[in-house]
Amino acid sequence: ETNQACAMRSALFTIVLFTTWATAMAWVCPAHMLVAEIAKRNLPEKDRRELDRVMGLVNAISGTIDNTFTASACWPDDLKRNNLHAMEDWHVIDLAYNPESIPLNVTNEQVMASRNNVVNVLNELHGTLRQCDGMPDGCSANKTFELSFSLHWVVHLVAEIHSPLHCVTRYTKEYPKGDSHGKVEIVDVDGMYLDLHRYWDGAAGQLDPVPRPLDVQGVAYLQGWVDRLMEEFPPSHVSDVGLHSFQEWAMEGYRLAVDAVYAYGNTTLDKDYQAQAHKLTRQQLALAGYRLSALLLDFSGIPKHCRALCCLCGGLCVGVHFLITLVVVMIVLTLTAVVYVYSVVKSDPAVHRPPTGPVESSSGPPRSMYEDAQETLEYPLLPGE
């Protein structure tokens, strides 16, 4: 009977774990769509429409359920679910957190230099997009697929690198070969069991599944979350929104993992830990969205002096830029007119010649200009001069 009870408990644990894991898989996609939607909201309207069109180039070929720029953010994970794992290492970087000094065969410097990780893949994709200047008009016809492919991955990986466990693997005596970004560490969250990686990737359980293609309800759900995230963490209140480098983003995620993610005392996540995880994941989603927006503006050709305004003003940059240009043009035209008038006045003596005819005097009868001039000269003019 004891063995039977033990077997039942084991089976129940397996069912709960599988069910939770499947739900967590559904949570991952909404997190990616939120990052894409925040970025899109902070872009000019013209670029929003263009991004929808560009992302559709790959969608039409692959036959995915991604009908918009926002939904396309999940496409690289769709590839894994369809058993295409060749690019699986693109999603992470294996920076080692080694609190127990386990002997390792590779250093973090070597890991960072490796080509096949999220940092260097983003660098490669960034280079591809810069060659095309970000939009199809800047690419030859045979490069539009590369542009669409690269945009899909950039949108996805910018979100990934802001999930702390995508930037670290912890080495301990229990896991001398690493915990695989938290995937082998099973934690108890209010009686539900799931791996640590899924918990953090799913915004610590805060998000509901959102079916694709996106329908009216799905869009409304995402928009509500975007409103909440941008109100709680506006660009002006989020530190280091600027682009910086992808390596710095990875190191930022590494430090968050060490200081916050691995800060639990045992495998049961208490309320304080969960509250911290909720806030930190919301912050990272907002930050990823703002940085993705800045990255897309970098590709779109919008002047650098205007990009910060786009993030702060919700995509009004084009109007601001137009006004700045208009003011500059007016100043140039005014200065040109002034210089022209001055040059004419200086070069044409006729402009200096006083008008002929009588001039009204303050007292006495009208006097001629000839008479007035006589009083101002040291030697009076002779008549006719």
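Which residues does R282 touch, not counting residues up to four places away in sequence? In this predicted model, the residues that R282 touches beyond that limit are Q206, W225, R228, L229, E232 and F233. R282 itself is found in helix α10, and with a relative accessibility of 11% it falls under the 20% limit and therefore counts as buried. One of its partners, E232, is joined to R282 through a side-chain polar contact of 2.8 Å.

The protein chain as a whole contains 14 helices and 6 strands. Of its 385 residues, 43% are buried, and the chain exposes about 20,700 Å², of which carbon and sulfur atoms supply 59%. Among the contacts with a separation of 6 or more, 72% are made by residues that are 24 or more positions apart.

The largest nonpolar core comprises 87 residues, and those touching the most other members are I93, W153, V154, L196, Y199, W200 and L296. The element that gives the most to this core is helix α10, spanning residues 271–300, with 13 residues. The surroundings of V154 illustrate how this helix takes part: apart from residues up to four places away in sequence, V154 touches L122, L125 and L129, together with L292, L295 and F299.

A disulfide is a covalent bond between the sulfur atoms of two cysteines. A search of the whole structure returns 1 disulfide, formed by C29 and C74 with their sulfur atoms 1.9 Å apart. The link of C29 and C74 is right-handed, with 95 degrees about the S-S bond. Because C29 lies in helix α1 (residues 2–41) whereas C74 lies in the loop between α2 (45–62) and α3 (75–81), the pair ties together parts that are 45 residues apart in sequence. Both cysteines are buried, C29 with a relative accessible area of 7% and C74 with one of 1%.

Both of these cysteines also appear among the contacts of R212, which, leaving out residues up to four places away in sequence, touches C29, M33, I65, D66, A71, C74 and D78. R212 lies in the loop between α7 (196–201) and α8 (216–232), and its relative accessibility of 16% is under 20%, so that R212 counts as buried. The side chains of R212 and D78 are joined by a polar contact of 2.8 Å. R212 and S72, although 140 residues apart in sequence, are 9.6 Å apart in space from C-alpha to C-alpha. The backbone at this position also deserves mention, in that a cis peptide bond with omega of about -5 degrees joins R212 and P213, the latter being found in the loop between α7 and α8.

A further buried site is centred on H166, which is found in the loop between α6 (144–160) and β2 (169–170) and has a relative accessibility of 3%. Leaving aside neighbours within four places in sequence, H166 is in contact with H91, V92, I93, E160, H181, H197 and D201. Of these partners, I93 is also listed among the core residues that touch the most other members, while H197 is joined to H166 by a polar contact of 3.4 Å between their side chains. C167 likewise counts as buried, at 0% relative accessibility.

Among the strands, β3 (residues 186–189) and β4 (residues 192–195) pair in the antiparallel sense over 4 bridges, with I186 standing opposite D195 in β4. The two strands form a hairpin with 2 residues between them, and D190 in the turn has a positive phi of about 55 degrees.

Most residues other than glycine have a negative phi, and most peptide bonds are trans. Positive values of phi, near 55 degrees, are also found at S101 and at S180. S101 is located in the loop between β1 (96–97) and α4 (108–113), where its relative accessible area of 60% is over 50% and S101 is therefore exposed. S180, by contrast, lies in the loop between β2 and β3 and counts as partly exposed, at 32% relative accessibility.

Methods: Residues numbered from 1 in each chain as written. Predicted model: local features only at pLDDT ≥ 70, side-chain atom pairs only at ≥ 80, totals over all residues. Heavy atoms only, no water. Buried < 20%, exposed > 50% of the residue type's maximum accessible area, 1.4 Å probe, protein only. Contact = heavy atoms within 4.5 Å. Areas by Shrake-Rupley, 256 points an atom, 1.4 Å probe, with all protein chains shown as cover. Core = buried A, V, L, I, M, F, W, Y, C linked by side-chain atoms within 4.5 Å. Polar contact = N/O pair within 3.5 Å; in protein donor to acceptor, adjacent residues only side chain to side chain. Pairing = 2+ DSSP bridges. Disulfide = S-S within 2.5 Å.
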